[in-house]
Amino acid sequence: MKSPAYWNALLYELSVKLLWRKKKSREILRWEKARQWIPKASNVVEVAAGTGRFYLEMLSHHVKSYMALDINPAFVENMTLKGIPALQTDLRKDPIPGADVVVMISALYHFKNIAPEFLKKLQIAARDRVIIVEPISQPLDRKSLYDRMRAKLVDIGEGPIFQRYSKEELLGLCEKHAEILHFEPLPDNEFLIVLCKKNHSKDL
Ligand SMILES: C[S@@+](CC[C@H](N)C(=O)[O-])C[C@H]1O[C@@H](n2cnc3c(N)ncnc32)[C@H](O)[C@@H]1O
């Protein structure tokens with residue numbers, strides 16, 4: 001069953017508010033750190049964009065153009081109502097439009113079982129760079145009620161997601177399948193990764 005946090009934009013934003021309630025300044029800091037790597041007046045595509053919070057808080061006056069992609073129709077509808085260009089997209093199979101910068105925040109673990117191809121797809125879409133902010137965690141424990149709830153919270157309707165990245169896995173994945181321009185720890189066990197354009201034409 002789809003997580004209640006993904007039923008609609010209101011419930012999602014309420015859940016996020018609860019998660020960050022005592023550390024709003026750190027949430028802003030991670031966004032600011034990510035924005036530092038987005039050249040002013042770039043064309044940006046944000047994948048797995050949720051309800052477009054990063055755009056509204058940080059990018060609306062910074063970028064030349066922006067497109068949000070997300071699989072959740074309720075989120076896409078909400079972004080459209082808010083005036084954010086958004087497209088319902090299943091990133092596993094639909095194309096990603098080209099942009100100077102492709103951004104993804106807190107979502108790489110959704111694609112862990114297809115990580116190398118997925119990373120390649122992001123790099124092909126990015127004319128200049130890919131920016132990823134990703135939480136780091138031990139794999140979630142199926143025996144722990146708390147971890148089962150965390151896994152359920154990000155269920156898009158295809159089952160709870162127990163997989164997460166350790167720092168070593170994340171770094172290893174990026175080193176193997178991309179060229180890392182910047183790798184930086186953020187507060188709250190997250191990492192900011194900036195990947196530069198890599199030519200994958202030989203792989204196609
Ligand atoms: C934890 S949320 C993060 C959302 C947003 N980046 C943020 O920071 O608020 C993960 C997002 O990934 C999206 N997602 C998961 N699987 C997807 C897929 N296959 N294609 C597109 N979006 C997907 C979900 O709908 C959700 O909006």
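Which side chain has an N or O atom 3.3 Å from an oxygen atom of the ligand? Arg-53 supplies that atom, as the second view details.

The model is predicted, so that local features need pLDDT of at least 70 and side-chain atom pairs count only at pLDDT 80 or more, whereas totals for chains, interfaces and linings use all residues. Residues are numbered from 1 along each chain as its sequence is written, and side-chain values use heavy atoms, with hydrogens and water left out.

**View 1. The shell around the ligand.** The ligand is surrounded by 21 residues (each with a heavy atom within 4 Å of it), and the closest are Tyr-12, Ala-48, Asp-70, Asp-90 and Ile-105. By class, this shell has 11 nonpolar, 5 polar and 5 charged residues.

**View 2. Polar contacts of the ligand.** Polar contacts are pairs of N or O atoms within 3.5 Å. A polar backbone atom of Ala-48 is 2.8 Å from a nitrogen atom of the ligand, while the side chain of Arg-53 places an N or O atom 3.3 Å from a ligand oxygen atom. The protein buries 96% of the 600 Å² that the ligand exposes when taken alone (Shrake-Rupley method, 1.4 Å probe).

**View 3. The two faces of helix H7.** In helix H7 (residues 167-177), the buried residues are Leu-170, Leu-173 and Cys-174, where buried means under 20% relative accessible area and exposed over 50%, with a 1.4 Å probe and protein chains only. These buried residues fall within an arc of 90 degrees seen down the axis of H7, so they line one face of the helix. The face turned away from the buried side of H7 carries the exposed residues Glu-168, Glu-175 and Lys-176.

Notes
Polar contact = N/O pair within 3.5 Å; in protein donor to acceptor, adjacent residues only side chain to side chain. Nonpolar A, V, L, I, M, F, W, Y, C, P; charged D, E, K, R; others polar. Helix = DSSP H or I, 4+ residues; strand = E, 2+ residues; numbered from the N terminus. Arc of directions from axis to C-beta.
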